[in-house]
Amino acid sequence: MKKILVLILCLQVWQYTFAQNDQEKRKIASWITNQDRSMLFQKEKEPVYFSNNNSRYPAIIIDPEQGMQTIDGFGFAVTGGSAEHLMKMDPRERTKILKELYGTGPEDIGISYVRLSIGSSDLNSFTFSYNDLEEGETDYELDKFSLDQDLKDVVPVMKEILAINPRIKIMGSPWSAPVWMKTNGNIRGGKLKENCYEVYAKYFVKYIQEMDKQGIPIDAITVQNEPMNSRNTPSMSWFWFEQANFIKNHLGPAFEKNNINTKIVIFDHNTDRPDYPLSILRDTAASRFIDGSGFHNYRGNMESMSMVHRARPDKNIYFTEQMVTENPQSEAIEITEPVKRLIIDGTNNWSRNIILWNLAADPLNDPHTDNGGCSMCQGAITIDGNDVSRNIAYYAVAHASKLVSPGSRRIYSTQGDEPSIFLYQDEQRPMVYRTGIRENSDLLPNVAFKTPDNRIVLIVANTSRDRYSFKVQYKGAYALLELDPGSVGTYSWNL
């Protein structure tokens, strides 16, 4: 009798545990940003559950078996100006905000990708390279190469970030070669002298090696930030065939000779010119050294990245820069635009990462260079002494970075331009069902991922003007979700 009672008790415990596990698998956690700022990337207190209730709302169907590209991460550029502001903070306050940005704790947003400028960008207080010389001097052996300026701000900030997240990926991008290597002898515009191609390749190698000595591994470099834009200070122009020549005859061989495993990424400019990277990739001698192509979206359509992917699926796609700003006094936060265009469309068009522009600036959007620097480049955070405020770019990236960890894979989710199948009863025979096709043009923009810890993450932007109800279909179960107009939701549940 005692054995029977024990077996009954064990069965009841097993059934309870099974029910609890099943309930946990059916639970959806939600993080919401509302346009009226009533919620700013805030977790909903009450979860939503999957059920068998198939309501008549538009369905986002999730299929984790259809996998696309692996995700490297989401983040911002740690510009010289960003690092300058961070280094002026009290160490305790700086550590606090860096932990919030790059940590993976409950209150952190888990930024996983950093872009650095190789030398100065237009968001430095002044321009410099790592090999600045007196007029008329040259240094083909790079004996005077020095990271001195970065050692004051960028390097110590990056060391703190790496202490928080040692696995973070880092991309370096130059805005200009050293002035003595350029045709116009100016940090703005001009081209790289042909007789300086070899030494400039060594300059990249030296940068990667010296940063590595500081404990800062450079995962990838782009050959030039915005090679068709000569109006920034700094800037430098390249035609595609010049960049191809530089890579196949100088940069690629220099990396091979010095056992540099850093990835080489081409283009690093707007989506209106997919012909530029595709032209370089046609050159097989250059292509063998190239990992992929980088894009901005100040002009053009994000679909251009899919065009390049279709032409060269063996090469990766990266999204390397976009400025996202708002009026900090505005009562509304227009969060759907950057999330839809950059996070959703960027990853749906094969990008392995999404890097937005400046991490930090002050309330006046300083610093920036005077002649061609960006005076409107607001940071993801605004730093005023030790006071930190969070701007729209912060929340846009948080909707992806916190839950879509590196190593996640984009998976299939129904898009608005795809039809879906539904069942309906035959008019004459109630127990007979027919199949129909439903247009999904009113489906909200979305993207889905499977994470390394076996969770599904779905990001949805309500770009409509109305409160919107929609359902998620996953493994034969359904969940009804709602978003206010102009709101964004990130949803996560167990695989």
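## Strands, salt bridges and a disulfide in a predicted model

Strand β14, which covers residues 381-384, is joined to β15 by four bridges, and the two strands run antiparallel. The structure described here is a predicted model, and the report moves from its strands to its side-chain contacts and its surface.

### Strands and their partners

Within the pairing of β14 and β15, one example can be followed residue by residue, since the bridge partner of Ile381 in β15 is Arg390. These strands belong to an open sheet of three strands, placed in the order β13-β14-β15, in which the pairing is mixed. Because β13 (360-361) and β15 (387-390) stand at the edges and each have a single partner strand, one side of each is left without a neighbour in the sheet. As general background, the strands of a sheet pair through backbone hydrogen bonds, and the pairing is either parallel or antiparallel.

Strand β20 (residues 455-461) has two antiparallel pairings to consider. With strand β19 (residues 446-450), β20 is joined by five bridges, and in this pairing Phe449 has Val457 of β20 as its bridge partner. The strands β19 and β20 form a hairpin with four residues between them, where Asn454 takes a positive phi near 60°. With strand β23 (residues 488-494), β20 pairs in the antiparallel sense over seven bridges, and here the bridge partner of Ala461 in β23 is Val488. Strand β20 is also mostly covered, as six of its seven residues are buried.

A further hairpin is made by β21 and β22, with two residues between the strands, and Lys475 in the turn has a positive phi of about 50°. Strand β21 (residues 468-474) pairs with β22 in the antiparallel sense over seven bridges, and the bridge partner of Lys471 in β22 is Leu480. Strand β22 (residues 477-483) is mostly covered, with five of its seven residues buried.

### Salt bridges

How many salt bridges does a search of the whole structure find? The search finds 21 salt bridges. In general terms, side chains of opposite charge can pair when their charged atoms come close. Some of these pairs are set out below with their N to O distances.

| Pair | N to O distance |
|---|---|
| Lys144 and Glu137 | 3.8 Å |
| Asp219 and Lys263 | 2.8 Å |
| Arg341 and Glu337 | 2.6 Å |

The salt bridge between Asp219 and Lys263 can be placed along the chain. Asp219 lies in the loop between α6 (197-213) and β8, while Lys263 lies in strand β9 (residues 263-271), so the pair ties together parts that are 44 residues apart in sequence. Are the two partners buried or partly exposed? Asp219 counts as buried because its relative accessibility is 19%, and the cut-off for buried is under 20%. Lys263, at 24% relative accessibility, counts as partly exposed.

In the salt bridge of Lys144 with Glu137, Glu137 counts as partly exposed because its relative accessibility is 31%.

The salt bridge between Arg341 and Glu337 lies within one helix. Because Arg341 and Glu337 are four residues apart in helix α11 (residues 336-348), they are separated by about one helical turn. Glu337 counts as partly exposed, at 40% relative accessibility. Elsewhere, salt bridges that share partners join Arg115, Asp268 and Glu321 into one network.

### Cysteines

A search of the whole structure finds one disulfide, and this disulfide joins Cys374 to Cys377 with an S to S distance of 2.0 Å. The torsion about the S-S bond of these two residues, Cys374 and Cys377, is about 95°, so the disulfide is right-handed. Cys374 counts as buried at 15% relative accessibility, and Cys377 is buried as well, with a relative accessible area of 2%. Another cysteine, Cys196, is buried with a relative accessible area of 0%.

### A nonpolar surface patch

Which residues form a nonpolar patch on the surface? The patch is formed by Phe239, Trp240 and Phe241, which together have about 310 Å² of accessible area. Phe239 lies in the loop between β8 (220-222) and α7 (240-257), and Phe239 counts as partly exposed because its relative accessibility is 45%.

Notes
Residues numbered from 1 in each chain as written. Predicted model: local features only at pLDDT ≥ 70, side-chain atom pairs only at ≥ 80, totals over all residues. Heavy atoms only, no water. Patch = residues over 30% accessible without salt bridge, like charges linked within 9 Å, V, L, I, M, F, W, Y side chains within 5 Å. Areas by Shrake-Rupley, 256 points an atom, 1.4 Å probe, with all protein chains shown as cover. Salt bridge = Lys/Arg side-chain N within 4 Å of Asp/Glu carboxyl O. Buried < 20%, exposed > 50% of the residue type's maximum accessible area, 1.4 Å probe, protein only. Disulfide = S-S within 2.5 Å. Pairing = 2+ DSSP bridges.
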